[in-house]
Protein chains: 2
Amino acid sequence: MATSTTPSSGRRRRSNRERIIEASLRLFNEKGARNVTTNHIAAHLGISPGNLYYHFRNREEIIRALYETGAEEARSGLTLPEGGRLSAADLGRYYLTGIEVVWKYRFFFRDIDELLLRDPLLASSFADLQTWMIEQMRTVMERLIEQGDMRAPDPVEDLERLAENGFILWTSWVRFLAASRPNLELRPAHVVEGALHNFLTFAAYVNPSFAEQVRAVLVARPGKASSHKSLRRR
Amino acid sequence: MATSTTPSSGRRRRSNRERIIEASLRLFNEKGARNVTTNHIAAHLGISPGNLYYHFRNREEIIRALYETGAEEARSGLTLPEGGRLSAADLGRYYLTGIEVVWKYRFFFRDIDELLLRDPLLASSFADLQTWMIEQMRTVMERLIEQGDMRAPDPVEDLERLAENGFILWTSWVRFLAASRPNLELRPAHVVEGALHNFLTFAAYVNPSFAEQVRAVLVARPGKASSHKSLRRR
């Protein structure tokens, strides 16, 4: 491959860039993006601040790079298969993929308002993703209706509202968890519970046996939705 | 009444406090709390900063006072009538009351993360409101099931998840609007549309004729839900 012929200095540069991205994601998720400076990241990696600045001029550039990777993962993971029947297993995996992106980039969803406010470029990019995701969620429902696995809401304009509800819950789940239990250490099970909440935005319109199969996929996942009755603060 | 015997200086003080509260709410809603300083508020009212500080030491104290008023309005407006049948009109009014609080205090919901982060007292108080509201939403559904106007979800633990979804949408609606259309001037119709989105979190479990009546109440309101198909950015 082309990369194997790259001079070693080029490889090292690229590799440092990747290490910065990976370390930043881990530190942002652990401590919150606002509590991690570029100096922290450089120190964590044992590189000089100058080396880090060679790749990223500031924290915002790192956040934007992480966002672009995450948005690409969301788009490729949530693009529906062309044609053919959408199975319950497809739909279950679809929700898990969506929530796995949320889990992987949870620092972003936790402080989404602040991050979008600070960076208009990021906000504009996220607005595009929002349009795309609502359209996808609507298409999922339209296909289920077409193949007879879901009844249409009445009036049918509710489809758009249900898709918007799904999107709002998708973006808000980590914030809800964080606000509900200030000292909660987020675990994958909490996030899978989010996939279930999200599916519930339209599960009642889905044929019971089909809905049952979707739930089975969600609950079968490692780090599955817990049996807790509530995430409310106690 | 006791107030009529209060010395006039006491009356004037109380009246200034009220004027500060009212002007702050208006300015916060128009410009966002972060863009309004106590100096702006004093200048707007034609009073000295010193006069304002006599009542509130800083902006956070004004926000807290507004929050307490809003939380009290939410609690008194959203307390369910004891016993008796819950009618579709009751439920429609219930959703409208909930969303009217959101509209009246929209500055708070628009920047809720930032405001709660800055003020742990506010965050703790809001966490209590969250617990109470989720419990109320759950009780609404339990009563509808009991009186035969709604089918129970299966499994029944989904009631808690549906109530949590309702709460998340309630708190997130203004943020969603603001993010969807950055230059959108929020109008009551957009917020009523939020009541409809919120009702949709469990409308599919409600008997169709009952659900139809609830929607009629929502749509009949002045500033009613618009006929737009989508709030997505275009």
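Let's start with one small detail: the side chain of A:Thr69 reaches the backbone oxygen of A:Ala65, at 2.8 Å. Keep in mind as we go that this is a predicted model. A:Thr69 belongs to helix H4 of chain A, which covers residues 59-77. Is A:Thr69 buried, exposed or partly exposed? Its relative accessibility is 37%, so A:Thr69 counts as partly exposed, given that the in-between class lies between 20% and 50%. You can also look from A:Thr69 over to A:Tyr105: the two are 36 residues apart along the chain, and their C-alpha atoms are separated by 9.7 Å.

Now zoom out to the whole of chain A. What is it built from, helices or strands? Chain A has 11 helices and zero strands, so if you follow the sequence you read α-α-α-α-α-α-α-α-α-α-α. The chain has 234 residues, and 53% of them count as buried. If you take the contacts in chain A with a separation of 6 or more, 72% of them come from residues 24 or more positions apart.

Next, the inside. Nonpolar side chains tend to be buried together in soluble globular proteins. Here, the largest nonpolar core has 155 residues. Which residues have the most contacts inside that core? They are A:Phe107, A:Phe108 and A:Phe202, along with B:Phe107, B:Phe108 and B:Phe202. Take A:Phe202 as an example: leaving aside residues up to four places away in sequence, A:Phe202 touches A:Leu91, A:Tyr95, A:Val140, A:Met141, A:Leu144, A:Met150 and A:Leu162.

Then there is the place where the two chains meet. Chain A brings 48 residues to the contact and chain B brings 47 residues. The size of an interface is often given as the accessible area lost when the parts come together. For chain A and chain B that comes to about 4100 Å², with 48% of it on carbon and sulfur atoms. How many salt bridges cross the interface of chain A and chain B? The rule finds six. One salt bridge joins the side chains of B:Arg161 and A:Glu193, at 2.3 Å from N to O. Between the chains there are also 13 residue pairs in polar contact, counting pairs with both residues at pLDDT 80 or more.

Which parts of chain A face chain B? The elements that give two or more residues are helix H7 (112-118), helix H8 (120-146), helix H9 (158-180) and helix H10 (188-199) of chain A. H9(A) gives the most, with 15 residues. Sorted by kind, the residues on this side of chain A are 17 nonpolar, 11 polar and 20 charged.

Finally, have a look at the loops between H8 and H9. In chain A, that loop holds A:Pro155, and the peptide bond from A:Asp154 to A:Pro155 is cis, with omega near 0°. In chain B, B:Pro155 lies in the loop between helix H8 (120-146) and helix H9 (158-180); a cis peptide bond joins B:Asp154 and B:Pro155, with omega about 5°. B:Asp149 is found in the loop between H8 and H9 of chain B too. Why does B:Asp149 count as buried? Because its relative accessibility is 9%, and buried means under 20%. The side chains of B:Asp149 and B:Gln147 are joined by a polar contact of 2.9 Å. Not counting residues up to four places away in sequence, B:Asp149 also touches B:Arg85, B:Leu86, B:Leu144, B:Val206, B:Asn207 and B:Phe210.

How values were computed: Residues numbered from 1 in each chain as written. Chains lettered and ligands numbered in written order. Predicted model: local features only at pLDDT ≥ 70, side-chain atom pairs only at ≥ 80, totals over all residues. Heavy atoms only, no water. Contact = heavy atoms within 4.5 Å. Buried area = accessible area lost by both parts, 1.4 Å probe. Salt bridge = Lys/Arg side-chain N within 4 Å of Asp/Glu carboxyl O. Polar contact = N/O pair within 3.5 Å; in protein donor to acceptor, adjacent residues only side chain to side chain. Helix = DSSP H or I, 4+ residues; strand = E, 2+ residues; numbered from the N terminus. Nonpolar A, V, L, I, M, F, W, Y, C, P; charged D, E, K, R; others polar. Core = buried A, V, L, I, M, F, W, Y, C linked by side-chain atoms within 4.5 Å. Buried < 20%, exposed > 50% of the residue type's maximum accessible area, 1.4 Å probe, protein only.
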